[in-house]
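The exercises below deal with a protein–DNA assembly and are meant to be worked with the coordinates open. Each task is followed by a solution in steps.

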Protein chains: 4
Amino acid sequence: MSRKSNTEQRRTEIVGALLAAIAENGYEKATIHAIAAKAGLTPGLIHYHFQSKKEILIDLVKTLANYSCERYLQFAAPAATPREKLRAYIDARLAKGSGASAATVAAWVMIGAEAVRQPEVREVYQEAVAAELALSRELLAACLAEQGKKTRGAAQLAAALLAFMEGAFQLASAAADVMPQGYAAATAAQLMERFIDAEPAARK
Amino acid sequence: MSRKSNTEQRRTEIVGALLAAIAENGYEKATIHAIAAKAGLTPGLIHYHFQSKKEILIDLVKTLANYSCERYLQFAAPAATPREKLRAYIDARLAKGSGASAATVAAWVMIGAEAVRQPEVREVYQEAVAAELALSRELLAACLAEQGKKTRGAAQLAAALLAFMEGAFQLASAAADVMPQGYAAATAAQLMERFIDAEPAARK
Amino acid sequence: MSRKSNTEQRRTEIVGALLAAIAENGYEKATIHAIAAKAGLTPGLIHYHFQSKKEILIDLVKTLANYSCERYLQFAAPAATPREKLRAYIDARLAKGSGASAATVAAWVMIGAEAVRQPEVREVYQEAVAAELALSRELLAACLAEQGKKTRGAAQLAAALLAFMEGAFQLASAAADVMPQGYAAATAAQLMERFIDAEPAARK
Amino acid sequence: MSRKSNTEQRRTEIVGALLAAIAENGYEKATIHAIAAKAGLTPGLIHYHFQSKKEILIDLVKTLANYSCERYLQFAAPAATPREKLRAYIDARLAKGSGASAATVAAWVMIGAEAVRQPEVREVYQEAVAAELALSRELLAACLAEQGKKTRGAAQLAAALLAFMEGAFQLASAAADVMPQGYAAATAAQLMERFIDAEPAARK
DNA sequence: AATGAATGAGCATTCATTCAT
DNA sequence: AATGAATGAATGCTCATTCAT
């Protein structure tokens, strides 16, 4: 008697269309019309499945945060040591080719800009940032501990790694032409390693 | 005797107003009306001094790039050694309190997002990035040379430093609440130092 | 054995839901969706039982006209004299507490506004008005006749009574705060009585 | 150097266009486009002179309230006695031909309906109603006093007169066909007079 | 009978830009 | 130089109605 709902699938399609549209032209220019066109739907239908444009954006932020997390788990599966896991994390987010698509990276940069001015976006953006911070701090602390180093500095180092990554996304999206090729993952890994190696040993 | 043109002053005022407006609400919401209000001018006058909104934005990018350069020269004035100069550079851009205002940082983040999608903005943005890259590569190469290290890796290290800075701006603007306090300048300096220290010596 | 149609019940539910919706937000804002929600039905079903939104409105006008008539019969049941019947009529429509619910009154006001501009609504609205006019003219004529007065002026007096009632509904719905408390039924009755008393006697 | 503002004139034109549009099709159907067309302007210009559609409506309510007041003053100019002033008031609002235009009356009815559901409209509507109440109470009290009657009942009588008027507007707009011709002003005056005449004398 | 997805026209509002003054 | 009115093309969103299931 009743029809089966296809809302979940439609929502996924629409969020994907926003990702594509936002990567190309930013959030403001990613109009409902443009999103609908990319998804092969009509504009009215977008608002049948989402209350507002902002709701789609917030869904996209959550989707990308989730995606980032899952990518790490994939990359980390074969990793045995803390150092390998850290490298898996860095590669999952930065390694050329294996990293996320250019569109995803550009969309994330646009989301970052929206987070500056839209409180509701900032909220979910901060949740994603906090999750990344927690994960990288844990990985860095494990590396430090393994080498008998104090782990107190892990939080700041994690923040630095995250800043590096966000900046790398920004520059890859807007200034790839003037940046050295493929510096990101390798340099990030080296910076972390050398920092950790130079850290003084913990007292017994 | 003809009246002296006040165009240069007006242009400066307008660019400053765009900086303030863009920091608060992003480029799209920084309407001509809002810019005019912040500058204490009327909307029609904006288009007397600038051909288009984009032209103001491009002027702003150049202004900020210039400002960044001048700040380094100020900070570096008392610096004697390469290492002191590098630290001056890092502090000029990142040090809490001494760094640029929150509005300037937020505006720069917004500009970065616009650079992703507007070719004309990207062009001047890339010029600014290239200038920063050249400066930091030079400073890093000097540090390496001073310690008898190979300078071949300076370009990649400079790219990493720049990525870190851009990311730090992004996170300071959109996720200050979840980031550690005051990590940026100190951690950047340490990362650079330890990387350089661990670099192998150059062959004779 | 075929299933029994529940159309009549559904139509009643839907008309009741329109009454509630229209009282709150007016006809335009009483969307099919809102009506469905109030009736606990789905939007599609509304158009299964009614061809259009206007058809529901027209049904509502008829329902309210019917309701008004029945209320008079209820109130007039114990009335013996013409004057008591007139008072029963006035109380049935205006008396505080015993009168119709605030929602019904507000809905009637909204219907009156729709009748100004929608010919099909005006038609049924006028039928309702004509019925009220006829009833009150009859009641007033009986009062006049009982006192040996000419009944020629009954039509105009009936029109005045109806105008008073419609206006009282309007003011009760939109300006209750600035109107005296409970003036309506008592003043209406007094106005009618004093008018009738002052009417000259009919010639033999 | 500076241009002379024509905003006041434009606002008046726009409010007049809303009056015409609302009388024909109600507030919801009086679209910005329709208002602009009636005023011979472009839709964008409407929002240059008014912040929102609601602001135009509120201006219209105030304009009509003002207009009503001025009409009374005009009609009352030659009136000498309290009874003549009361009659002037009734005629100013109700007398056929001399009364307000059908469009104005219909617009007022639509405004009354909007006042039921829009708080901001209700506020100015109530102000207008309160002013009318105060004026008619004063006029009625003067009539009562002149005849040595108690004036205590003036407030309720004023409310009744106002209700009658509002209802007369409603019925004139939506049910003129079924109402007696020209009953309004004459019957209102008679109702008031007979009520006052029948009022008991005040004690010495 | 009933569901809920889908459509498409229409809405108020925004805004860069133009232009007469 | 400066003003502020004017334009017209968007934009996000709403909603009665249709229809496959």
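**Exercise 1.** Which polar backbone atom, that is, of which residue of chain A, is 2.9 Å from a phosphate oxygen of DNA strand F?

*Solution.* The model is a predicted one. The residue is Ile32(A), whose polar backbone atom is 2.9 Å from the phosphate oxygen. Turning to chain C, a backbone N or O atom of Lys53(C) lies 3.0 Å from a phosphate oxygen of DNA strand F. In chain D a side chain takes part, since a polar side-chain atom of Arg10(D) lies 2.5 Å from a phosphate oxygen of the strand.

**Exercise 2.** Describe the protein surface near DNA strand F by its residues.

*Solution.* Of the 34 residues around the strand, those that come nearest include Thr7(B), Arg10(D) and Tyr48(D). Sugar and phosphate make up 70% of the strand F atoms that come within 4 Å of the protein. By class, the surface divides into eight nonpolar, 19 polar and seven charged residues.

**Exercise 3.** Characterise the interface of chain D and chain C.

*Solution.* Begin with the area: about 4,000 Å² is buried between the two chains, and carbon and sulfur atoms give 70% of this. On the side of chain D, Val116(D), Arg117(D) and Arg194(D) lose the most area to chain C, together 15% of what that side buries. Next, consider the polar terms, where the rule finds four salt bridges across the interface; one joins the side chains of Glu28(C) and Lys29(D), at 3.5 Å from N to O. The count of residue pairs in polar contact is 15. Finally, α8(D) gives the largest share of the chain D side, 15 residues, and that side divides into 31 nonpolar, eleven polar and nine charged residues.

Key:
Residues are numbered from 1 along each chain as its sequence is written. Chains are lettered from A and ligands numbered from 1 in the order in which they are written. This is a predicted model: local features need pLDDT of at least 70, side-chain atom pairs count only at pLDDT 80 or more; totals for chains, interfaces and linings use all residues. Side-chain values use heavy atoms; hydrogens and water are left out. Buried area is the accessible area (1.4 Å probe) that two parts lose on being put together, summed over both. A polar contact is a pair of N or O atoms within 3.5 Å; within protein, one must be able to donate a hydrogen and the other to accept it, and residues adjacent in sequence count only if both atoms are side-chain atoms. Helices (H or I, at least four residues) and strands (E, at least two) are DSSP runs, numbered from the N terminus. Ala, Val, Leu, Ile, Met, Phe, Trp, Tyr, Cys and Pro count as nonpolar, Asp, Glu, Lys and Arg as charged, and the others, Gly among them, as polar. A residue is near a molecule or strand if one of its heavy atoms lies within 4 Å of it.
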